[in-house]
Each structure stands twice: as C-alpha cells, then as structure tokens.
Amino acid sequence: MKTGGIDASRIESMLAQLKAAAQRPQADAASGLASAAGLSGMQGASPSTSKVNFSDALKASLNQVNKVQVEAEQLGKSFAMGDDSVSLSDVMIAGQKANISFQATVQVRNKLVSAYHDIMNMQV
C-alpha cells in the first residue's frame, strides 16, 4: 500500500530505526556524533576506547560548512560567466544547501552561547 508516494513498510522501517536509535546508550550516541561530523578516524571505534574531541568535531563541521559555501559560490560564478556545464538549478540547489548549513551552524552557535551564559550565571 502506498501513501503519498512512500511505501508504508518503508515508513514503518524508518520508525523502527528511529526507536532503536533512541533506545541506544549515550556512549553509542557519542560515536554517532563522530561519524556524523565526518571524523573518519573515529568511525567504527568502540566508545570505551576512544572519545570524541569536541573541538575537533566542531572544527570539522565548520570546515564542511565553509566547503559547501565555497562550492556554491564557485558554481554561481561559473554560471554567471556563461559556463554551459552549470545549470541554474544546480546553482540554486547549492546555494540553498549552503544557506541551510550556515543557518544550522548559527543555531548551534546560539545554543553554545546560551549554555555558556547559563553556566556563568550559576552560583557556586
């Protein structure tokens, strides 16, 4: 049975995966953060033997955002110069990806600043 173009069994499978991920211990979440941040050296490593370095994960994420923005800018310049191999849709999609990644980075920064202020306002 199809619902809006998506198979119902696929939806159930995705829900099962989300539930399984939510029930995993926090240590597995830390290794998932490393793989999501693109830290290839930590992928597949057991959580008890290696820890995610926050500054490395943050730096890798910022580098990825910068890479996406540079690629979008280069595509836009190529299109403006009349390069036939670059379509307008590619330029627009790259621009939107860069915008979304930047907005996500700004939200993370806002949360970090908020957490910093909360910690600084704690009474000792």
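**Exercise 1. Decide whether S101 is buried or exposed in this predicted model, and describe its surroundings.**

*Solution.* Start with the accessible area: the relative accessibility of S101 is 17%. The cut-off for a buried residue is under 20%, so S101 counts as buried.

Next, place the residue in the fold. S101 belongs to helix α4, which covers residues 88-120.

Now look at what surrounds S101. Leaving aside residues up to four places away in sequence, S101 touches V65 and V68. Both V65 and V68 are buried residues of α3.

Finally, follow the side chain of S101: it reaches the backbone oxygen of A98 at a distance of 3.0 Å.

**Exercise 2. Find which residues of α3 are buried, and which helix they pack against.**

*Solution.* Begin with the list. The buried residues in α3 are A57, A60, V65, V68 and A72.

Then find their partner: the buried residues of α3 pack against α4. The contacts of S101 with V65 and V68 fit in here, since S101 is found in α4.

**Exercise 3. Compare the end-to-end distance of α3 with its expected span.**

*Solution.* Helix α3 runs over residues 54-80 and has 27 residues. The expected span is 1.5 Å times one less than the number of residues, so α3 should span 39 Å.

Now check the model: the end C-alpha atoms of α3 are 39 Å apart, in agreement with the expected value.

Just beyond the helix, have a look at G82. This residue follows α3 and has a positive phi, near 95°.

**Exercise 4. Locate the salt bridge and explain how its two residues are placed along α3.**

*Solution.* The count is one salt bridge. Its partners are the side chains of E73 and K77, with an N to O distance of 3.5 Å. That value falls within the 4 Å cut-off.

For the placement, count along the helix: E73 and K77 are four residues apart in α3, so about one helical turn separates them.

As for exposure, E73 has a relative accessible area of 47%, so this residue is partly exposed.

**Exercise 5. Put the helices into the context of the whole chain.**

*Solution.* First take the secondary structure: the protein chain has four helices and two strands, in the order β-β-α-α-α-α.

Next consider burial. Of the 124 residues, 10% are buried. The chain exposes about 9900 Å², and carbon and sulfur atoms supply 59% of that area.

Last, turn to the contacts between residues at least 6 apart in sequence: 29% of these join residues at least 24 apart.

Conventions: Residues are numbered from 1 along each chain as its sequence is written. This is a predicted model: local features need pLDDT of at least 70, side-chain atom pairs count only at pLDDT 80 or more; totals for chains, interfaces and linings use all residues. Side-chain values use heavy atoms; hydrogens and water are left out. Buried means under 20% relative accessible area, exposed over 50%, partly exposed in between (1.4 Å probe, protein chains only). Contact means heavy atoms within 4.5 Å. Accessible areas come from the Shrake-Rupley method with a 1.4 Å probe; for residues, only the protein chains shown count as cover. A polar contact is a pair of N or O atoms within 3.5 Å; within protein, one must be able to donate a hydrogen and the other to accept it, and residues adjacent in sequence count only if both atoms are side-chain atoms.
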